[in-house]
Amino acid sequence: MEEVKLHYDVNAYDFTCAGEASGKLKRSLKDLGFDASLVRRVAIAVYEAEINMVIHAEGGVIDSTITPECITVVLADKGPGIPDVELAMQEGYSTAPENVRSLGFGAGMGLPNIKKYTDEMTIDTEIGVGTTITLKIYNR
Amino acid sequence: MDVKELIEKLDLKVLCGEDFSKNINGCYCGDLLSWVMSRAQEGDIWLTVMGNINSIGVAVLADVACIVLTENAALDADALNRAKQNDVIILQTEKNSYQMAAAISQLI
């Protein structure tokens with residue numbers, strides 16, 4: 001398998017499309033023959049990051065690079081940035097608004113779940129500029 | 001046990017789905033989507049009252065065997081369409097999640 005690159009756009013505040021990018025990526029990884037548990041880990045991590053973009057960041061772009069050894073996903077938005085990353089990483093801490101909570105979001109598990117299911121996660125964030133999250137999951 | 005047997009034994013209403021041969025491995029109850037996605041296991045029956053489009057996304061990503069909407073929780077039209085596109089089985093019961101989970105535990 002050669003290197004495969006996939007790109008997805010995420011719309012702001014559109015909960016009817018939320019999960020589409022992660023769903024498509026999941027199907028592509030399955031079709032490429034990756035192990036089901038690895039596909040699940042990527043799908044969960046990317047879904048959480050995708051939902052964060054929809055809720056907090058007016059959408060963004062997702063770029064994934066897939067090789068037999070590693071799946072790298074870069075999620076970039078031009079949202080408000082994360083003021084306190086350490087706090088945002090705590091399970092249960094959420095700034096999701098009430099209307100979003102009524103849809104079942106806002107458990108405060110987004111970033112913790114991403115960390116849990118990936119081998120590497122880096123958050124590059126600047127207030128008023130945006131946030132870029134880079135995820136790596138190795139195929140071991 | 002497969003989903004067909006679950007439907008028959010617990011008299012569940014089918015809201016979406018055609019192929020009920022999926023195997024059931026366990027059961028998970030919850031309404032907070034991130035929580036469910038991270039903890040529900042492949043092949044679980046998912047008991048929830050969340051019948052919106054995002055529940056379908058979680059069901060697909062977590063590979064649950066089916067969704068059971070408890071307490072006759074409604075499935076909205078967008079969610080039904082998404083479920084059809086993704087072959088997600090959605091069932092419904094008047095029982096609450098506790099009663100349903102207790103009944104399921106007698107079967108699996």
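Which residues in α3(B) and α4(B) meet each other? In this predicted model, B:Ile53, B:Ser55 and B:Ile56 of α3(B) meet B:Asp78, B:Ala79, B:Arg82 and B:Ala83 of α4(B). That helix pair is a good place to start a tour of the two chains, and the points below take you from the fold of chain A, across the contact, and into chain B.

**Chain A as a whole**

- Chain A holds 5 helices and 5 strands, and along the sequence they come in the pattern β-α-α-β-β-α-α-α-β-β.
- The radius of gyration of chain A is 14 Å, close to the 14 Å that the globule rule gives for 140 residues, so chain A is as compact as a globular protein of that length.
- If you like to think in box dimensions, the C-alpha trace of chain A spans about 45 × 30 × 25 Å along its principal axes.

**Helices α1 and α2 of chain A**

- The axes of α1(A) and α2(A) come within 8 Å and cross at roughly 160°.
- Because the axes cross at that angle, α1(A) is roughly antiparallel to α2(A), and their crossing is right-handed.
- On the α1(A) side, the contact is made by A:Ala21, A:Ser22, A:Leu25, A:Lys26, A:Leu29 and A:Lys30.
- Facing them from α2(A) are A:Val39, A:Val42, A:Ala43, A:Val46, A:Tyr47 and A:Glu50.
- By class, the residues of this contact between α1(A) and α2(A) are 8 nonpolar, 1 polar and 3 charged.

**Where chain A touches chain B**

- Chain A brings 20 residues to the contact and chain B brings 17 residues.
- On the chain A side, the elements that give two or more residues are α1 (20-31), α2 (36-56) and α5 (110-117).
- The largest share of that side, 5 residues, comes from α2(A).
- Sorted by class, the side of chain A that touches chain B has 9 nonpolar, 7 polar and 4 charged residues.

**A helix pair across the contact**

- Helix α1(A) also meets a helix of the other chain: its axis and that of α3 (residues 53-62) of chain B come within 10 Å and cross at roughly 20°.
- That angle is why α1(A) counts as roughly parallel to α3(B), and α1(A) passes α3(B) in a left-handed crossing.
- Here A:Ser22, A:Gly23 and A:Lys26 of α1(A) meet B:Gly57, B:Val60 and B:Leu61 of α3(B).
- The residues of this contact divide into 2 nonpolar, 3 polar and 1 charged.
- A:Ser22 and A:Lys26 are worth finding in the viewer, since they take part in the contact with α2(A) and in the one with α3(B).

**Back to α3 and α4 of chain B**

- Helix α3(B) packs with α4 (residues 77-85) of chain B at an angle of about 25°, with their axes 7 Å apart.
- This angle is under 35 degrees, so α3(B) is roughly parallel to α4(B).
- The residues named at the start give this contact 4 nonpolar, 1 polar and 2 charged members.

**The sheet of chain B**

- In chain B, 5 strands form an open sheet in the order β1-β5-β4-β3-β2, with mixed pairing.
- Its edge strands are β1 (13-16) and β2 (26-29), each pairing on one side only.
- From one strand to the next, the twist averages 30°.
- At one edge, β1(B) pairs with β5 (residues 90-92) of chain B in the antiparallel sense over 3 bridges.
- To locate this pairing, look for B:Cys16, which stands opposite B:Ile90 in β5(B).

Methods
Residues are numbered from 1 along each chain as its sequence is written. Chains are lettered from A and ligands numbered from 1 in the order in which they are written. This is a predicted model: local features need pLDDT of at least 70, side-chain atom pairs count only at pLDDT 80 or more; totals for chains, interfaces and linings use all residues. Two residues are in contact if their C-beta atoms, placed from the backbone, lie within 7 Å. Helices (H or I, at least four residues) and strands (E, at least two) are DSSP runs, numbered from the N terminus. Ala, Val, Leu, Ile, Met, Phe, Trp, Tyr, Cys and Pro count as nonpolar, Asp, Glu, Lys and Arg as charged, and the others, Gly among them, as polar. Axes are lines fitted to C-alpha atoms, for helices over the stretch in contact, and angles run from 0 to 180 degrees between N-to-C directions. Angles under 35 degrees count as roughly parallel, over 145 as roughly antiparallel, 65 to 115 as roughly perpendicular and the rest as oblique. A crossing is left-handed if the near helix is turned anticlockwise from the far one by less than a right angle, and right-handed if clockwise. Two strands pair if DSSP finds at least two bridges between them. The radius of gyration is taken over C-alpha atoms; the globule rule is 2.2 Å times the number of residues to the power 0.38.
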